[in-house]
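Me: I'm new to this one and would like to go through it slowly. Could you take me through it piece by piece?

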Amino acid sequence: MDPVQELEQLLSEAVPSVEQARSPDELERLRVKFVGRKSRLADIMKSIPQLAPEERAEVGRRANHLKRSIESQLAARREALSSAAKAGPLIDVSLPGRAFPRGRLHPVTHTIDAILSIFVPMGFEIVEGPEVEYEYYNFDALNIPHDHPSRESFDTFFVDLPSPEPKKGRLLLRSHTSPVQIRVMERRKPPLRLVVPGKVYRPDPLDPSHSFMFHQVEGLMVDDRTSFADLKGVIEHFLKALFGAKTKTRFRPHYFPFTEPSAEVDIACTSCGGRGCSTCGKKGWLEIMGCGMVHPNVFRAVGYDPQRVQGFAFGMGVERIAMLKHGITDIRLFFENDLRFLEQF
Ligand code: DAH
């Protein structure tokens with residue numbers, strides 16, 4: 001090949017190779033290949049004396065030019081690599097960012113918030129009470145006498161400490177949120193509208209539907225005229241707001257010591273819509289809460305005149321509602337703190 005052409009070709013090979021070199025070692029290999037003692041360029045330079053005189057000047061000039069340009073390109077590339085190394089690793093701005101871990105609310109908290117946010121616009125005020133309670137508030141003032149069998153249905157953890165107020169009986173972990181009704185009525189006069197979220201405790205063995213600690217939301221409305229129709233209206237509105245406008249409800253007569261008359265409220269099964277399935281035990285209905293008109297003895301216990309005031313009360317289990325809303329079949333999941341469960345909410 002004509003040496004001039006060959007020099008052109010060497011240049012066009014060398015330029016992109018040096019430009020793309022990624023390390024000093026690679027640059028050294030390229031230096032040896034293109035301008036080293038055994039390179040093609042060196043051969044061409046050695047052969048110049050044998051060329052025809054009219055070619056020598058031209059080939060010599062081009063060969064020198066080629067050598068200088070490759071050497072200066074190598075030097076520039078070496079410089080660029082070493083300053084990049086000093087600047088530290090390159091930041092790849094196209095990499096996805098690191099996920100910033102975000103906390104979230106527990107599904108029980110979500111459900112309590114959902115429940116309360118339906119009652120608050122109806123004028124119900126949020127109130128809380130103690131989890132360690134006196135026998136008096138948990139039972140006596142709620143018209144549950146000592147020897148009454150209904151005490152057994154609220155099986156209770158007693159606290160093994162001397163009672164600070166022996167007249168109010170022993171200390172216990174409250175077995176429902178109803179005692180907060182008494183605490184508020186004792187201090188305040190009607191009209192009252194309250195909702196009470198909180199933890200309650202019962203010595204039940206753990207199984208898919210029982211936990212020794214769970215949550216309730218209690219409600220109380222007291223005024224001079226408050227009827228069972230008001231109770232129905234509030235509860236029906238609540239259940240439609242929580243489970244959807246088409247939710248069917250029914251009130252079934254029941255017994256609670258603190259209300260008379262009392263009812264349990266069912267909604268048409270959220271799984272089968274009432275046809276009967278395993279969620280509702282083939283009944284088509286799901287029990288969702290207890291309620292009733294406040295018993296005159298309860299009003300007497302707080303110093304209200306049952307001839308002058310009327311009221312209704314209700315209570316519901318939060319986990320049960322959360323389970324129905326989300327299709328959860330084991331209450332223990334709420335308390336095991338397994339992130340694979342909690343991160344779904
Ligand atoms: N305290 C009841 C329970 O734990 C629930 C309840 C029923 C509360 C009827 C009420 C009520 O206020 O009126 O099972």
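Me: Let's begin with salt bridges: which residue forms a salt bridge with Glu71?

Reply: This is a predicted model, and in it Glu71 forms a salt bridge with Lys67, with the closest N and O atoms 3.7 Å apart.

Me: Where do Glu71 and Lys67 sit with respect to each other in the helix?

Reply: Both belong to helix H4, and because they are 4 residues apart there, about one helical turn separates Glu71 from Lys67. Glu71 is partly exposed, its relative accessible area being 36%, and Lys67 also counts as partly exposed, at 28% relative accessibility.

Me: Which residues are joined into one network by salt bridges that share partners?

Reply: That network consists of Glu6, Arg40, Asp43 and Lys46.

Me: And how many salt bridges does the structure hold?

Reply: It holds 19 salt bridges. Among them is the one between Glu58 and Arg62, whose closest N and O atoms are 2.8 Å apart, and another is the one between Arg61 and Glu58, where the corresponding distance is 3.2 Å.

Me: So Glu58 turns up twice there. What is the spacing of Glu58 and Arg62 along the helix?

Reply: Glu58 and Arg62 are 4 residues apart in H4, so about one helical turn lies between them. Arg61 and Glu58 are 3 residues apart in that helix, which covers residues 53–86, and they too are separated by about one helical turn.

Me: Is Arg61 buried or exposed?

Reply: Arg61 counts as exposed, because its relative accessibility is 51% and the cut-off for exposed is over 50%. Glu58, at 29% relative accessibility, counts as partly exposed, and so does Arg62, at 27%.

Me: Staying with H4, at what angle does helix H3 pack with it?

Reply: Helix H3, which spans residues 40–47, packs with H4 at an angle of about 155°, and their axes are 10 Å apart. That makes H3 roughly antiparallel to H4, and the crossing of the two helices is left-handed.

Me: Which residues meet there?

Reply: From H3, Leu41, Ile44 and Met45 meet Val59, Ala63, Asn64, Leu66 and Lys67 in H4. Lys67 is also the residue that forms the salt bridge with Glu71.

Me: What comes after H4? Where does Pro89 lie?

Reply: Pro89 lies in the loop between H4 and helix H5, the latter being residues 107–119, and at 77% relative accessibility Pro89 counts as exposed. The C-alpha atoms of Pro89 and Phe124 are separated by 60 Å, while the two residues are 35 residues apart along the chain.

Me: How does H5 pack with H9?

Reply: H5 and H9 pack at an angle of about 135°, with 10 Å between their axes, and that makes H5 oblique to H9. H5 passes H9 in a right-handed crossing. The residues that meet are Ala114, Ile115, Ile118 and Phe119 in H5 with Val234, His237, Phe238, Ala241 and Leu242 in H9.

Me: Changing topic, in what order do the strands of the sheet come?

Reply: The open sheet has 7 strands in the order E1-E4-E5-E9-E8-E7-E6, and the pairing is mixed. Strand E1 (125–126) and strand E6 (249–256) stand at the edges with a single partner strand each, so one side of each has no neighbour in the sheet. Helix H9, residues 228–243, packs on the sheet, where it touches E6, strand E7 (259–268), strand E8 (285–294) and E9, and its direction makes about 150° with that of E8.

Me: In what sense do E1 and E4 pair, parallel or antiparallel?

Reply: E1 and E4 pair in the parallel sense over 2 bridges, and the bridge partner of Ile126 in E4 is Val195. Strand E4 covers residues 192–201 and is mostly covered, with 8 of its 10 residues buried.

Me: And how many bridges join E4 to E5?

Reply: E4 and E5 run antiparallel and are joined by 10 bridges, with Lys199 standing opposite His215 in E5. Strand E5 (residues 213–223) also pairs with strand E9 (residues 310–317), in the antiparallel sense over 8 bridges, and there Glu218 stands opposite Gly315 in E9.

Conventions
Residues are numbered from 1 along each chain as its sequence is written. This is a predicted model: local features need pLDDT of at least 70, side-chain atom pairs count only at pLDDT 80 or more; totals for chains, interfaces and linings use all residues. Side-chain values use heavy atoms; hydrogens and water are left out. Two strands pair if DSSP finds at least two bridges between them. Contact means heavy atoms within 4.5 Å. Axes are lines fitted to C-alpha atoms, for helices over the stretch in contact, and angles run from 0 to 180 degrees between N-to-C directions. A salt bridge is a side-chain nitrogen of Lys or Arg within 4 Å of a carboxyl oxygen of Asp or Glu. Buried means under 20% relative accessible area, exposed over 50%, partly exposed in between (1.4 Å probe, protein chains only). Angles under 35 degrees count as roughly parallel, over 145 as roughly antiparallel, 65 to 115 as roughly perpendicular and the rest as oblique. A crossing is left-handed if the near helix is turned anticlockwise from the far one by less than a right angle, and right-handed if clockwise.
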